[in-house]
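Work through the exercises below with the model open. Try each task before reading its solution.

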Amino acid sequence: MAQALRLAHSAIGLSDPNPRVGCVLVGEGWQVQGFTQVAGKAHAEVMALRAAQEAGHDPRGATAYVTLEPCAHHGRTPPCCDALVQAGLARVVVAVGDPNPLVAGQGSARLRAAGIRVDEGLMAAEARELNIGFFSRQVRQRPWVRMKIAASLDGRTALNNGVSQWITGEAARADGHAWRKRAGAVLTGIGTLLEDDPRLDVRVVETAKQPLRVVVDSRLETPPTAKLLAPPGAVLVYGAVPDARREAALRATGADVAFFPESGRGKVDLQAMLTDLAARGVNELHVEAGHKLNASLLKAGLVDELLVYLAPKLIGLGREMAAFGPLETLAEALEFEFREFEAVGRDLRILARPPRRGDF
């Protein structure tokens, strides 16, 4: 199963909106493997069965180790559970059940009904973590929101004049691109776009597909010349105040525009935006925004994870990670739990999450 999980990592930046799945097929004296391909192409189980066929192995009586319950519905491909039944397997070991209501236990049930032994729960936590965004979209109807911040030791993300390039080193910037690759969409706000003119694509690491690039832009102030609007990848602008001329100019660049106004404020309804992104198949949303949008997302309780790169330098007066407050008491502070620390070049990468709420 550990090998199957390593295989599933190969589907990062490839399989979205489908989950990342790996499969190891083991027979008498032989072993083959596969992982989920681009949406619409073969899933991990079918890839492993094809590998067995190509190698001349008979899968009858074999055991499959798969990181997610085999699917039981017709989507763009036939059900994987049917392929395993037809192949005559004796046993299927599943790490974790599929949260998709179209599967949700039906895949394992159909395997058992065909006389195949099914064992579930092996390395379940690791398998769920690999597909945390897929679970979020299926269970909560919203993406897993990861907020990336590069800051100094004293928590400053830019100088007072807005200059922020480069607080962290080259290794941290490359690592940040690897996290962009994980995401179905990368989001920023109009303030960051106008100040920094970012591209927000994946460049430093190889990827099979580019994430959707998203701008929160209430009044459609994104200039048609913005680097973010250039290829590669699709662009989506969320607005709140309609402006036919500006909307037409953005659409002329190939960008999509959607309106989700928050009642009476002239701002984008961030919760509605996340629901819409989930409907568009976004599993993980990677946020690279400024202190104002960061604050809005944090205050609304919409951030699931902080990805913070701390540089070993002090800036003093400058822009903060998130512009909320001032608070009256420390009890009002937003609480997080540290999950991981790792040195990345000369910087420190920290992963932190809010205290667990229910299944998340």
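**Exercise 1. Positive phi outside glycine**

In which loop is the place of Leu200? Then describe its backbone and burial.

Solution. Leu200 lies in the loop between helix 8 and strand 9. Helices (H or I, at least four residues) and strands (E, at least two) are DSSP runs, numbered from the N terminus. The model is a predicted one: local features need pLDDT of at least 70, side-chain atom pairs count only at pLDDT 80 or more, and totals for chains, interfaces and linings use all residues. Residues are numbered from 1 along each chain as its sequence is written, and side-chain values use heavy atoms, with hydrogens and water left out.

Step 1: check phi. Leu200 is not a glycine, yet its phi is positive, about 65 degrees.

Step 2: check burial. Buried means under 20% relative accessible area, exposed over 50%, partly exposed in between (1.4 Å probe, protein chains only). Leu200 has 2% relative accessibility, so it counts as buried.

Step 3: look at Asp197. This residue also sits in the loop between helix 8 (190–196) and strand 9. Its phi is positive, near 50 degrees, and it is not a glycine. Asp197 counts as partly exposed because its relative accessibility is 26%.

**Exercise 2. Cis peptide bonds**

Which residue is joined to Pro17 by a cis peptide bond? Find the bond that leads into Pro232 as well.

Solution. Step 1: the partner of Pro17 is Asp16, with omega about 5 degrees. Pro17 belongs to the loop between helix 1 (2–8) and strand 1 (22–27).

Step 2: Pro231 and Pro232 are also joined by a cis peptide bond, with omega about 10 degrees. Pro232 falls in the loop between strand 9 (212–216) and strand 10 (235–239).

**Exercise 3. Helix 10 from end to end**

Which residue caps the N-terminal end of helix 10? Go on to its buried positions and to what follows.

Solution. Step 1: the cap is Asp269. One of its side-chain oxygens lies 3.2 Å from the backbone nitrogen of Gln271.

Step 2: the helix covers residues 270–279. Buried here are Leu270, Met273, Leu274, Asp276, Leu277 and Ala278. An α-helix has 3.6 residues a turn, so residues three or four places apart point the same way.

Step 3: Gly281 follows helix 10, and its phi is positive, near 90 degrees.

**Exercise 4. Rings**

How many aromatic pairs does the count come to? Classify each one.

Solution. Step 1: apply the rule. Rings of Phe, Tyr and Trp (its six-membered ring) pair if their centres lie within 6.5 Å; planes under 30 degrees apart count as stacked, over 60 as edge-to-face and the rest as tilted. The count is two aromatic pairs.

Step 2: take Tyr238 and Phe260. Their ring centres are 5.9 Å apart and their planes are at 55 degrees, so this pair is tilted. It links distant parts of the chain, 22 residues apart: Tyr238 is in strand 10, and Phe260 is in the loop between strand 11 (256–259) and helix 10. Tyr238 is buried, at 0% relative accessibility. Phe260 is partly exposed, with a relative accessible area of 24%.

Step 3: take Phe338 and Phe341. Centres 5.1 Å apart and planes at 50 degrees make this pair tilted. Phe338 counts as exposed, at 58% relative accessibility.

**Exercise 5. Enclosed space**

How many cavities of 30 Å³ or more does the structure hold? Name their linings.

Solution. Step 1: define the search. On a 1 Å grid over the protein atoms alone, a cavity is a set of points where a 1.4 Å probe fits but cannot get out; lining residues have an atom within 4 Å of a point. Grid points are joined across faces, edges and corners, and a volume is the space filled by probe spheres set on the points. The structure holds two such cavities of 30 Å³ or more.

Step 2: the largest cavity has a volume of about 40 Å³. Its lining includes Asp16, Asn18, Pro19, Arg20 and Phe134.

Step 3: the second largest cavity holds about 30 Å³. Trp144, Asp304, Arg353, Pro354, Pro355 and Phe360 line it.

Conventions
A polar contact is a pair of N or O atoms within 3.5 Å; within protein, one must be able to donate a hydrogen and the other to accept it, and residues adjacent in sequence count only if both atoms are side-chain atoms. On a 1 Å grid over the protein atoms alone, a cavity is a set of points where a 1.4 Å probe fits but cannot get out, and a pocket is an open set with protein on both sides within 12 Å along at least five of seven lines; lining residues have an atom within 4 Å of a point.
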